[in-house]
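Open the model and turn it slowly. Look at the surface before you look inside.

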Amino acid sequence: RAKEKGRSTYHFYSAQMNAHGQEQLELQSYLRRALERNELFLQYQPKLDLRTRQVTGVEALMRWRHPVLGLVSPAQFIPMAEDIGLIEQFGRWALEVACRDACRWRDEGHPVQVSVNLSPRQLNRPQLASEVAQVLADAKLDASLLELEITESGVMHNPNRAAALLQELRQLGVSLAIDDFGTGYSSLSYLQRFPLSVLKIDRSFIKDLPGDEDAASLTAGIIGLAHRLRMKVVAEGVETVEQLAYLRSNACDEIQGYYLSKPIAAEEISRFLAVDLRNLMGPSVAA
Ligand code: C2E
Ligand code: MG
Ligand code: MG
Ligand code: MG
């Protein structure tokens, strides 16, 4: 009896797995077509410099809209694109589009830096720096207007090779940011080893500010540490004016998050750059 029961449980479980597996396979085959069918696009999320009160940069975030499924979350399709070997192609495309949009904002009188996320697999390409140089040249964009965001998982497999590659990218004049700092396999030695200009504090710390004392201490500590290493600090996922005030009083350089803006289309960024943002700082923190 027990055996029978175990068996039927197994069958049930396996049927579920198959349904899930089937779904994944279907999604993969859609994803393989996404680029050629123009289903991918970029949105941009502005970052606010807390000292100058200007938008100095925007982060490019990839979106996939399937005609039937609608918008698929990056948390779902980015890892899938990595698994099935599409991310290099998608990443190159994102780089090209982001550089073209940055040119347009510059020509409109707003030279903002554009940040593009790099997948760990792109950091495995020995030719990455020359590809980036090519994209910049084709777009006629100055390297100082491009930033590349990397994650700890992108450098931990082969830190020596990553260090050499990042050095090459730095020499082009692009800036390098470490993304989601404080999560995953954080190793402080990376901050010393790699030529990073920017540290982005992960949203998981920011969301508990300013009430949670541990989150507040960690955030203030990370900011101090980064500054002593001559890095700029960006806080991710800022949603409230209280979070902003805490970050500002602890000398955080820039904020990014829904409080300022959700990710928006390139044309909306043009309009966003034209407005005065001073009132966003709130009366209590105004200089
Ligand atoms: P990320 O690079 O850390 O990007 C920040 C994520 O936080 C974005 O999620 C953004 O929409 C979200 N976010 C920003 N402000 C707030 C806020 O105030 N509250 C909350 N709750 N969330 C906020 P998104 O767009 O879903 O992207 C998720 C991740 O997918 C990115 O995390 C990045 O790791 C990856 N990704 C996105 N675009 C690309 C890309 O072009 N290439 C690669 N390799 N990865 C990408
Ligand atoms: Mg990022
Ligand atoms: Mg991040
Ligand atoms: Mg994140």
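Which residues form a nonpolar patch on the surface? They are Leu188, Leu225 and Leu229. Together these leucines have about 240 Å² of accessible area. Keep in mind that this is a predicted model.

Take one of the patch residues, Leu229. Find the loop between α9 (213–228) and β8 (232–235), and you will find Leu229 there. Its relative accessible area is 32%. Partly exposed is the class between 20% and 50%, so Leu229 counts as partly exposed.

Now turn to the aromatic rings. How many aromatic pairs does the structure hold? It holds three. One of them joins Tyr44 and Trp105. Their centres are 4.8 Å apart, and the planes meet at 90 degrees. Planes over 60 degrees apart count as edge-to-face, so this pair is edge-to-face.

Where do the two rings come from? Tyr44 belongs to strand β1 (residues 40–49), while Trp105 belongs to helix α3 (residues 87–107). They are 61 residues apart, so the pair links distant parts of the chain. Are these residues buried or exposed? Tyr44 is buried, at 0% relative accessibility. Trp105 is buried too, with a relative accessible area of 0%.

Move on to Trp64 and Phe77. Their ring centres lie 5.9 Å apart. The planes stand at 75 degrees, so this pair is edge-to-face. Again the pair links distant parts of the chain. Trp64 sits in strand β2 (residues 55–66), and Phe77 sits in helix α2 (residues 74–83). The two are 13 residues apart. Trp64 has a relative accessible area of 0%, so it is buried. Phe77 is also at 0%, and it counts as buried.

A ring can also face a charge. Look at Tyr258 and Lys262. The charged end of Lys262 sits over the ring of Tyr258. The distance to the ring centre is 4.7 Å.

Last, check the cysteines. How many disulfides are there? The count comes to zero. Why is Cys99 in no disulfide? A disulfide needs two cysteine sulfur atoms within 2.5 Å. The nearest cysteine sulfur to that of Cys99 belongs to Cys103, and it is 7.3 Å away, so Cys99 does not meet the cut-off. Cys99 is buried, at 0% relative accessibility. Cys252 is buried as well, with a relative accessible area of 6%. Both values are under the 20% cut-off for buried residues.

Key: Residues numbered from 1 in each chain as written. Chains lettered and ligands numbered in written order. Predicted model: local features only at pLDDT ≥ 70, side-chain atom pairs only at ≥ 80, totals over all residues. Heavy atoms only, no water. Phe/Tyr/Trp six-rings, centres within 6.5 Å; stacked < 30°, edge-to-face > 60°. Helix = DSSP H or I, 4+ residues; strand = E, 2+ residues; numbered from the N terminus. Buried < 20%, exposed > 50% of the residue type's maximum accessible area, 1.4 Å probe, protein only. Lys NZ or Arg CZ within 6 Å of the ring centre and 35° of its normal. Patch = residues over 30% accessible without salt bridge, like charges linked within 9 Å, V, L, I, M, F, W, Y side chains within 5 Å. Areas by Shrake-Rupley, 256 points an atom, 1.4 Å probe, with all protein chains shown as cover. Salt bridge = Lys/Arg side-chain N within 4 Å of Asp/Glu carboxyl O.
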